[in-house]
Each structure stands twice: as structure tokens, then as C-alpha cells.
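Please walk through how this predicted model is put together. Begin with a charged residue and work from there to the sheet, the core and the overall dimensions.

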Amino acid sequence: MTEETPPREEFAHDPIGHTSVHAGMSVGELAAEYGNAGIGAADLHRAVEITERMFGERDVSVFFGLAGAMVPTGMRRLVVDLIRDGYVDALVTTGANLTHDAIEGIGGKHHHGAVHGDGEGTERDHDETLRDEWVDRIYNVYLPQEHFTLLETHLREEVFPSFEGTVSIRELTAELGRATAAVNEEEGIDEDAGIAAAAYEEDVPIYCPAIQDSVLGLQAWMYSQTSEFSLDALSDMTHLNDLAYHADRSGAFVVGGGVPKNYVLQTMLVTPTAYDYAVQLTMDPPQTGGLSGATLDEARSWGKIEKAGENASVYADATITLPLVVAAARERVEQ
């Protein structure tokens, strides 16, 4: 160090490397190469390391938040496998994901589509045509509306009649899983029975705090207008908070933002401890001050993550990052 060079209070000799890829490398090896790089690659590498510890340490209870269009865009089986293989202790998700999950479980399918149709005309023209054809669009995924009719019949005949009076949302999601699994088996559906079914069979609770913001919630409301049926959202908080309170150690794996993210994180506000590990995959930026993009370091200031807790945020499309992070972490845990 010369006389002109100022003293460096914080510096480690950790130069940026250059990622090397080759044919036949595993996803775990690719994630390791990401660690040589910077920006988003370094964030993803860090997320894999933390997820590996979260999944691999036996005394860590994993609270999984799932928001966004994860089921209709093809992430359904990945979540099913995590549940069946014991990597999820509690799932917090949206009514929309449960809606689309049940549709697939009873025989409906989502389809590859296009944003602008055949390339002619405007996006508005394209969506007006889809409306005339009774097709709903989720960016580049199509869903024929008759599948919602199939779902309504399923709910009214197989799910809702199981209850009389007020029940928790968790009890409803469990019954949805049981009924969907039964129909899936009876009808010989090629597609897996799905997330709710796997959670029911593995005794993993599903919480859906904003269930009314979905077709599933709309159907539950309509059914409640002509029957003695209602949902109690507050009772789920007792069940979830008890799980967090009694956990030896805990980890939060959050896909997307909104209500599922906050519901997972706020649980630690009423427990003596906080999350030891936390990973979030989101596309929302933190600069707006909204919770969906808020960093997990910010959550530490609230007492939701331990001061010494490890956390990582990856800002990219979760349909890309979720399979990468999970595959790499599982490869390391299971090798």
C-alpha cells in the first residue's frame, strides 16, 4: 500500500471470477459457478446456499410462501414434490393457486398460448377474441373457462357439503385436498392430484389468508348465501403461530410477495424467536417501499429474522429462479 492509498477498513481479497459452463454439468455445479460472478448470479448462489441449510438441517421448520401465478405457469409439481419429500412444514398461498391446482387435479389443463395471438392486430384485439372464445389468459398461458364450471361442480358436490357452520380456512384447504385426491383417483386423471392433495396426505397445513380474493373464495361466498357455511380466518393464525412458537429453529422460503409473504414473516412478531434462515424470490423492487419487494434485511429490523439469521433475496422471474434454487439445494442435500 502506497502513501497515496487510503486505509481500507473493510476489504477482503475476493475477486470476481468468470463463470465456466460445460456440457453435462449438474444444476448444483452451475449454481456453484454463479458464486464466482456478481449481481443476480451472486444473489442466486447465496439463495442456494441458504436453502441448502434450510432444507438440510433436521431441526428447521420451513414455512413456505407461494404467491403469483405459480400453478398455472407450471410450478405445481415442484411444490408437490417439496411437500411429499418433507421439505415443507407449512404452506401459505393464494386462493388463485389453490383454484388452479384443483382444476388440474380434477382433469382440467392449462395450455401454452401467446401474448399477441398470431402476431396480427393489437393485444386488445387478441384478448377480445379470447373473450369471445371463452378463454382466459395469464400472460402466455391459456385456460378454457369451462374448467371453472368443472371446479364449481367439484366444490359444491365434493368439498363444501362436508361442512356445516363456521370452519377455518385451513380446514377447508385440507378438505379440498382430500376431495381432489379422491376424484383424481376415481376418475383416473393423468395429472397428479396436486398441492392441496399432497399437503392433506402429508399432514402439512395450508393457510390461505386472502382466500376471498380468488375464484375459490367467490365460490365459497356464493355457497354461504344458501347454506350454513362460513369461514373463520382468525383461527388459522392461532394454528400457524403455534407452529412457529414451538419450532426449534425456522426458515422462510417465500416466492412472490403480497399476503403470503407478509403472513409468513409476521408470524415471528408474536414468538420469542425469529427466522434463522430466509430466502425470497421476487420481481418487485424494494425502492417503492412496498412489502412485496422489501428486502429481508428490512424484515430483520422488525424482528422477523434473527440478527444473526442468514437471508438472500433474488430479484428475477420466479418461474426461472424457483426451479434453479430448489434443484441445486436438493442436489446438495440429497447427494
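Glu 310 has a relative accessibility of 21%, so it counts as partly exposed; the cut-off for a buried residue is under 20%. This residue forms a salt bridge with Arg 46, and the closest N and O atoms of the two are 3.5 Å apart. The pair links distant parts of the chain, since Glu 310 sits in strand E11 and Arg 46 in helix H2, 264 residues apart. Arg 46 is also partly exposed, because its relative accessible area is 31%.

Each end of this bridge leads to a further part of the model. On the helix side, H2 covers residues 39-56. At 1.5 Å a residue, its 18 residues should span 26 Å, and the end C-alpha atoms are 26 Å apart, so the two values agree. Where Arg 46 is partly exposed, its sequence neighbours His 45 and Ala 47 are among the buried residues of H2. The others on that list are Leu 44, Val 48, Ile 50, Thr 51, Met 54 and Phe 55. An α-helix has 3.6 residues a turn, so residues three or four places apart point the same way.

On the strand side, E11 belongs to an open sheet of 6 strands, in the order E7-E2-E1-E9-E10-E11 and with parallel pairing. E11 (305-315) is an edge strand, as is E7 (206-207), and each of them pairs on one side only. Glu 310, the partner of Arg 46, therefore lies in an edge strand of this sheet.

Inside the sheet, strand E1 (residues 60-66) has E2 on one side and E9 on the other in the strand order. E1 and E2 (residues 90-93) run parallel and are joined by 4 bridges. In this pairing Phe 64 has Leu 91 as its bridge partner, and Leu 66 stands opposite Thr 93. With strand E9 (residues 249-255), E1 pairs over 7 bridges, again in the parallel sense. The partner of Val 60 in E9 is Arg 249.

How many residues of E1 are buried? The count is 7 of its 7. Both faces are covered: one side carries Val 60, Val 62, Phe 64 and Leu 66, and the other carries Ser 61, Phe 63 and Gly 65.

The nonpolar cores come next. In soluble globular proteins, nonpolar side chains tend to be buried together. In this model the largest nonpolar core has 62 residues, and those with the most contacts inside it are Phe 253 and Leu 322. Helix H3 (residues 71-84) gives the most to this core, with 7 residues. Leaving out residues up to four places away in sequence, Leu 322 touches Phe 64, Met 70, Met 75, Leu 78, Phe 253, Val 255 and Leu 281. Another core, of 18 residues, lies apart from it and includes Phe 63, Val 254, Ala 274 and Tyr 275. Phe 63 and Phe 64 are on opposite sides of E1.

The bridge between Glu 310 and Arg 46 is one of 20 salt bridges in the structure. Others are local. Glu 152 and Arg 156 meet in a salt bridge at 3.6 Å, N to O. Both lie in helix H6 (residues 146-159), 4 residues apart, about one turn of the helix. Glu 152 is partly exposed, because its relative accessible area is 29%, and Arg 156 is partly exposed at 30%.

Arg 330 and Glu 334 form a salt bridge too, with the closest N and O atoms 2.7 Å apart. These residues are 4 residues apart in helix H13 (residues 318-334), so about one helical turn separates them. Which of the two is buried and which partly exposed? Arg 330 is buried, as its relative accessible area is 16%, while Glu 334 is partly exposed at 46%. Elsewhere, salt bridges that share partners join Arg 76, Asp 101, Glu 104, Lys 109 and Glu 191 into one network.

The overall figures close the account. The protein has 13 helices and 11 strands, and 45% of its 335 residues count as buried. Among contacts with a separation of 6 or more, 75% are between residues 24 or more positions apart. Along the principal axes, the C-alpha atoms fill a box of roughly 85 × 55 × 40 Å. A compact globule of 335 residues would have a radius of gyration near 20 Å, and the protein has 22 Å, which agrees.

Terms used
Residues numbered from 1 in each chain as written. Predicted model: local features only at pLDDT ≥ 70, side-chain atom pairs only at ≥ 80, totals over all residues. Heavy atoms only, no water. Pairing = 2+ DSSP bridges. Helix = DSSP H or I, 4+ residues; strand = E, 2+ residues; numbered from the N terminus. Expected span 1.5 Å × (residues − 1). Buried < 20%, exposed > 50% of the residue type's maximum accessible area, 1.4 Å probe, protein only. Salt bridge = Lys/Arg side-chain N within 4 Å of Asp/Glu carboxyl O. Core = buried A, V, L, I, M, F, W, Y, C linked by side-chain atoms within 4.5 Å. Contact = heavy atoms within 4.5 Å. Rg over C-alpha atoms; globule rule 2.2 N^0.38 Å.
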